[in-house]
Amino acid sequence: MKLTFYGGTGSVTGANYLVETDSLKFAVDCGMMQGSPTAESFNRDPFLYDPSTLQYLLVTHAHIDHIGRIPKLVKDGFNGKIISTPETKEIAGFLLEDSLRIIDADSRKKGVLPMWERKDMEKAMSLWQTLEYHTEFSLNNDISIYMKDSGHILGSAMIEVKSSKGKIVFTGDLGNSPSLLLNDTEEITDADYIVMESVYGDRNHEPKDVRKEKLKQAILDTIKNKKVLIIPAFSLERSQMILYEMNDFFENGIIPQIPVFMDSPLASKITKVYEESKNLKQSVLDEMKAGDDVFKFPKLKFTVKADESERIDNTPNPKIIIAGSGMSTGGRIIHHEKDNVANKDATILLVGYQSVGTLGRKLQDGLKEVQIYGENIKVKARVDTITGYSSHKDSDHLTAFVEKAAEQEKLKKVFVVMGEPKSSLFLVQRLRDELNVSAVNPEYKQEVEVEI
Ligand SMILES: [Zn+2]
């Protein structure tokens, strides 16, 4: 079996791997590259293989850096089957729709043709079939797949590809278990090869009890000083985690109730998928079954329409606004930041990873002045960061994951991908030194032979 790395190398984003045998050709993930200077050309350039020759596209999870180029793959000739868990398919539909809006606006601004169009997305959805966790599916007579819960976001899967000769596992992204909402990352114990992520390959997260306390203190400070608390949050997973924490604070009387606005139509739609999924962790399903909608509490308002969003201004402090995008690169959060970055009665609370170059990163780095919609604004708001809400395993837990996988001494090689070079290389070295595992950091377009 030949494996070629067509993305997710030297970068967290852009995941795309091609697998070829004599009788089968498929890809795993087809993501957009985000945040790097080469992203634009990477995303727009033709694929380096012929999409029309693929029989399948397997999708680990619905983040845009794993699904964002699927409609382009279809536009360029893919006509096979797309396979993911049901939750991944449903959430991907919402995220691609959102992505289409951004692509359209961007291409109009630049006067270029869009990377893909609505009809490509619609065709992609029509080719998409779902596979539940723990169900075997044959790609052909020799090779089958099996999905395990990676615990990263709702519906996220590790995809095992196996033949009579062996097994390769594509981890997708690996969750920061134990998670608030999701089942723990399942163990991999009998793989010959692993293609694994390394976003936090070189560092560890702050402890989980610290994050909830920090969030509580930020809200208490907001109430005491009659402030506005602005939380830029990814619409998928992070928004639901924050709602879940607040549900506990407000419904169990830990904090007095104040108005909270979830100002993101996308987060509203995705939250519904969470409410209806059977793949949340058991304790959360039990809470829901007992009658508590864990994502809703009395003073929470989902503001869907634009005029509702504008009216948030009329609500007096103290109040909380949660909006996307998580790195303040677009979406409604920008308006709230523009209105409040110079407001000393505002706190901007960063709860997610902030890429270099984004407005979120500039605020996090403590810049005294930022540019929003072409206007230079002095930063007077307080800016705080909580790192503990990450949905990715940290360095210690990535290492423990491989340690378990290497127990049976079957593991031949770990391909460390989906990280900045510094993180990936650190993890490669750690796996070699601490576990004596053969680990490598493949390069873009590198081909490897795997014996399965
Ligand atoms: Zn992800």
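Helix axes here are lines fitted to C-alpha atoms over the stretch in contact, and angles run from 0 to 180 degrees between N-to-C directions. With that in hand, here are my notes on this predicted model.

1. Let me start with the helix pair that the definition is for. Helix H4 (residues 86-110) packs against helix H8 (residues 265-276) with the axes 10 Å apart and an angle of about 175°. Angles over 145 degrees count as roughly antiparallel, so that is the label H4 and H8 get.

2. Who does the touching? On the H4 side we have Glu-87, Glu-90, Ile-91, Phe-94 and Asp-98, and on the H8 side Leu-266, Lys-269, Ile-270 and Val-273. Sorted by class, this contact has five nonpolar and four charged residues, with no polar ones.

3. Now zoom out. The domain assignment splits the chain into domain 1, made of 2-203 + 391-449, and domain 2, which covers 208-385. Their C-alpha centres are 29 Å apart. At the contact between the two, 16 residues come from domain 1 and 19 residues from domain 2. The domain 1 side of that contact is made up of nine nonpolar, four polar and three charged residues.

4. As for overall dimensions, the C-alpha trace spans about 65 × 50 × 40 Å along its principal axes. The radius of gyration is 22 Å, which agrees with the value near 22 Å that a compact globule of 452 residues would have. The secondary structure count for the chain is 14 helices and 22 strands.

5. One sheet to look at is an open, mixed one with seven strands, ordered E6-E5-E4-E3-E2-E1-E22. Strand E6 (128-130) and strand E22 (447-449) sit at its edges, each pairing on one side only. From one strand to the next, the twist averages 25°.

6. The end of that sheet with E22 deserves a closer look. Strand E1 (residues 2-5) runs antiparallel to E22, and three bridges join them. Within this pair, Lys-2 is opposite Glu-449 of E22.

7. Another open sheet has six strands and parallel pairing, in the order E14-E13-E15-E12-E16-E19. Its edges are strand E14 (300-302) and strand E19 (382-385); each has a single partner strand, so one side of each has no neighbour in the sheet. On average, neighbouring strands here are turned by 20° against each other, direction ignored.

8. At the E14 edge, strand E13 (residues 260-262) pairs with E14 in the parallel sense over three bridges. Phe-261 is the residue opposite Lys-301 in E14. Helix H11 (residues 333-340) packs on this sheet, where it touches strand E12 (228-232), strand E15 (319-323) and strand E16 (346-350). The direction of H11 makes about 140° with that of E12.

9. Finally, have a look at the hairpin formed by E17 and E18, with two residues between the strands. Strand E17 (residues 369-372) and strand E18 (residues 375-378) run antiparallel and are joined by four bridges. Gln-371 stands across from Asn-376 in E18. In the turn, Tyr-373 has a positive phi of about 50°.

Key
Residues are numbered from 1 along each chain as its sequence is written. This is a predicted model: local features need pLDDT of at least 70, side-chain atom pairs count only at pLDDT 80 or more; totals for chains, interfaces and linings use all residues. Domain bounds come from an automatic or database domain assignment. Two residues are in contact if their C-beta atoms, placed from the backbone, lie within 7 Å. Ala, Val, Leu, Ile, Met, Phe, Trp, Tyr, Cys and Pro count as nonpolar, Asp, Glu, Lys and Arg as charged, and the others, Gly among them, as polar. Two strands pair if DSSP finds at least two bridges between them. Angles under 35 degrees count as roughly parallel, over 145 as roughly antiparallel, 65 to 115 as roughly perpendicular and the rest as oblique. The radius of gyration is taken over C-alpha atoms; the globule rule is 2.2 Å times the number of residues to the power 0.38.
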